[in-house]
Amino acid sequence: MKKQASFCKSAAPADAHHEKNMNARRSCRTIALLFGFLALFCSESQAQQQTNRTLSLAGLWDFRLDPKDQGIQDKWFDVALTDKIKLPGSTDENGFGRKTTERSPNWLTRVYTYSGPAWYQKQVLIPVDWKGKRITLLLERCHWETQVWVDGQPVGMQNSLCAPHEYDLTALLAPGPHRIAVRVDSRYKINIGKDAHSITEHTQTGWNGMIGRLELAATDPVWIDDVQVTPDIAKKTARVRVTIANQTGQPADGSLALSARLTTENSGGVEKGLECRITNEKQTQVVIELPMGDAVKLWDEFAPNCYKLAVGLTASAAGKKYSNDKQTSFGMCEFRTRGTQFTVNGRLTFLRGTLECCIFPLTGYPPTDPESWQQIIRVAKAHGLNHFRFHSWCPPEAAFEAADREGFYLHVETPVWATLGSDAGCDAFVYAEGDRILRAYGNHPSFTMLCVGNEPSGRNHEAWLSKIVHYWKQKDSRRLYTSCSGWPVTPESDYHSRPNPRIQGWGEGLRSRVNASPLSTDVDYRGEVAHFRAPVVSHEIGQWCVFPNLREIDKYTGVVRARNFEIVRDSLREHHMLDQAQDFVMASGKLQTLLYKEEIEAALRTAGFGGFQLLDLHDFPGQGTALVGVLDPFWDSKDYVTAAEFRQFCSPTVPLLRMKKCVWTNAETFTAQAEVAHYGAAPIQAATPVWSLTATDGRVVASGELPTLPIPLGGGTALGKIEIPLAKVEVAAKLILTLSLKDTPCTNHWDIWVYPAQVDTAPPTNVLVASSLDPQTTAALAAGKKVLLLVPPAAVRSDVPPGFSPIFWNTRWTRRQPPHTLGILCDPKHAAFARFPTEFHSNWQWWDPVSKSRAMILDGFPADFRPLVQVIDDWNTNRRLGLVFEAKTGGGKLLVCSIDMNTGIHQRPVSRQMLRSLLDYMGGETFAPSKELPIDLVRSLMK
């Protein structure tokens, strides 16, 4: 998929919107009367076409920005506004606000920016047959605070960021023409945290507007106000709580009729009716146990069976008859815990999740149609995920509907990333938003988890969070609750979101497992999980960066521009590497994928673990530009890993391999333990594991079959031991170990490297090995000889820290946490690597050479100079870095290497083999550097 328009409402270029609005402003005075007439005509036409007594307000509205906040004082609610704006939509989409020209490296840039009040007016014609009806105004998703007036009369204020704004206009809307005025204020008024993804410029932008359903609705004054459904799997029933509201002031007698049918089948449903007494109070609650029958279908990720519940009300009061109906969808699903794991309908499951941070670059706001969300969820499922965490925001109804249809678990948060427990305004807002979320979306089976927000602060936050979790658990038992994502751990929480366990934590830098030690897949987190009695979900794991894909720049045709990428593009051009931009993407992306594979597999190797939430499957465009996704912000692939490849190590059933190391010699026997993590729809009754060890050309080195066995649900199921003598591998080779379950799509693979146990590192007679450009070395060069200059890393004039992993999150937001690089780039067909098997990118065998090196800064070299082993720098600095390069200098031929090729070289088979390959290359006739460098330029690289 190549267009975000398939995921959300597409936005026309903001410049075009701006031109249209300028034209509208110039002409509006001369056609004001015509607009008024058309508004009434359209309203009458809409009223004639109303369905279920609703009147859509989508279309052109009168409009005016209020940057000085003078509209209330000057009574703009009762004055004709002179501009026009299209709704649903935002000021950004319609070209209102300050046109921006600045560029920031930290986030995407809005084309038009505005923060403050804006006024929207609509002329409506209320139909005659709405007389005596209750009339409400629905504004599905607003950003942020709304105030409403009807014909100059104030109605009220609402400020939910999570649920629709709904106003009762009954007293003010008699049949006939009326003016509805809505003031939307996008300013920050409640201390929910300016980085909260519900409002931040880092993701969805601080847009002003109204999106989704915008409509008037008419009902009888006795109506169904709310329907909440609680499934009971054991009893095969659904408890339905119906709230009936009454505006007549008189008690009423009524009857309710309920029917529930599967939305996925045309089979018969279940029905039930009963009589009820409706008091003259504002609300009456009726609870009904609805038998779902012996053939009831359950909902989960494998069988997303949804029911549509229709509730009909007929009532009479004071001789008048009233009726109303309401529909809601639900699923027969119970998402619970068992010890330190999650269950769905009693079956173990494992959360394979990613964050959704409200990143929609074309519109700046989330889609409100289920189809757009279904496409997003399908992309996530194609990559093996079953879960979204909505970071400090709650999506519109459409996301829940889509997740219901697709079988996808949702972790929802109130819209805060804040100090909690000490700000009364914020604390009250969180309680109110939680209530609104539970009421609006509580019936959706996909809504399995609710959390306050992200990473709280404040002296009292832990005690305060304990109280709200307790409140939610008492209020609504249909889902699980936790305090906040990240921390704290509280006894009231049903599960815990924690920064650990993971490969690399915030601030670990070169001390993390993958930077401090070579790869071992015999690592898991059972010791950490054992400290808890509830499930642990690892918080925001991954965060592995890739180089910016400059090809994305042209995709930003909506409300934001990728000027942060333009800065990178210009910097690359200045550093003479723009031609390498796509190579940097592909090479760093391959390394990023390696890290995600090990990150996810380590979680899956942990028996009893609850799951993980990636940061992120797709890029996060803010907070310094965090390019942490294998997908871009449009949910499109970057082409270095396919969904099918990703799914090998991230899916319901994943074969796993425990090996102490991935680098071997041919004097050893490869040894590994095969396992499987299985969280499918049911246990596997009989599975036969098969394995093979193949060369890169497809040649089978060894293969075998392990005993057939049943595979239960859960992780840590041992499949057997794999042992392969490596003596027949006579030359250095990369081999691929593949483990599969026979006759199933479940397969996974790991790269290993086998090197000769004995390698002679003596140089050819025609090659001088030196460690500095001392007189002996320069004399040899002057005599036209070949010199291998092995510069000790400590002698390199460079401040680039040696790290194997790519950048974590990004260097701007982590105060330059190392590593500052994104792996290596080389040409594997170059003769220098003839005896050193490698791809064009970092793989695990590069851990030893890279971690024992110091990258040379080659910025002063000729513009077209390229090292043999290039290190991809942080895109914020774009230095030309190298570990190995060759040149003609001082009259001779020189190859320079800043990898430590001396210390313990015979205990380091990878670097030893690389040294042998370089020596053989230099000793032969193919060593013929094409570029000539001044010897003093080479000397300047060293201290």
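Here are three short exercises with worked solutions on this predicted model.

**Exercise 1.** Work out how the sheet with the order β22-β23-β24 is built, and which strands sit at its edges.

*Solution.* Start with the layout: it's an open sheet of three strands, paired antiparallel. Next, look for strands that pair on one side only, and you get β22 (335–338) and β24 (347–349) as the edges. Now zoom in on one pairing: β22 and β23 (residues 341–344) run antiparallel over four bridges. Within β23, Phe-342 is the residue opposite Thr-337. Finally, the twist from one strand to the next averages 45°.

**Exercise 2.** Classify the ring pair Phe-547 and Phe-584, then say whether each residue is buried or exposed.

*Solution.* First check the distance: the ring centres are 5.2 Å apart, within the 6.5 Å limit for a pair. Then take the planes: they meet at 70°, and over 60 counts as edge-to-face, so that's the label. Where do the partners sit in the chain? Phe-547 is in the loop between β31 (536–542) and β32 (560–561), while Phe-584 belongs to helix α10 (residues 581–604), 37 residues apart. For burial, the cut-off is under 20% relative accessible area. Phe-547 comes in at 1%, so it's buried. Phe-584 has 2%, so it's buried too.

**Exercise 3.** Find what lies over the rings of Trp-76 and Trp-664.

*Solution.* Take Trp-76 to begin with: Arg-64 lies over its face, 3.9 Å from the ring centre. Over at Trp-664, the charged end of Lys-661 sits above the ring, 4.8 Å from its centre.

Conventions. Residues numbered from 1 in each chain as written. Predicted model: local features only at pLDDT ≥ 70, side-chain atom pairs only at ≥ 80, totals over all residues. Heavy atoms only, no water. Pairing = 2+ DSSP bridges. Helix = DSSP H or I, 4+ residues; strand = E, 2+ residues; numbered from the N terminus. Axes fitted to C-alpha atoms, helices over the stretch in contact; angles between N-to-C directions. Phe/Tyr/Trp six-rings, centres within 6.5 Å; stacked < 30°, edge-to-face > 60°. Buried < 20%, exposed > 50% of the residue type's maximum accessible area, 1.4 Å probe, protein only. Lys NZ or Arg CZ within 6 Å of the ring centre and 35° of its normal.
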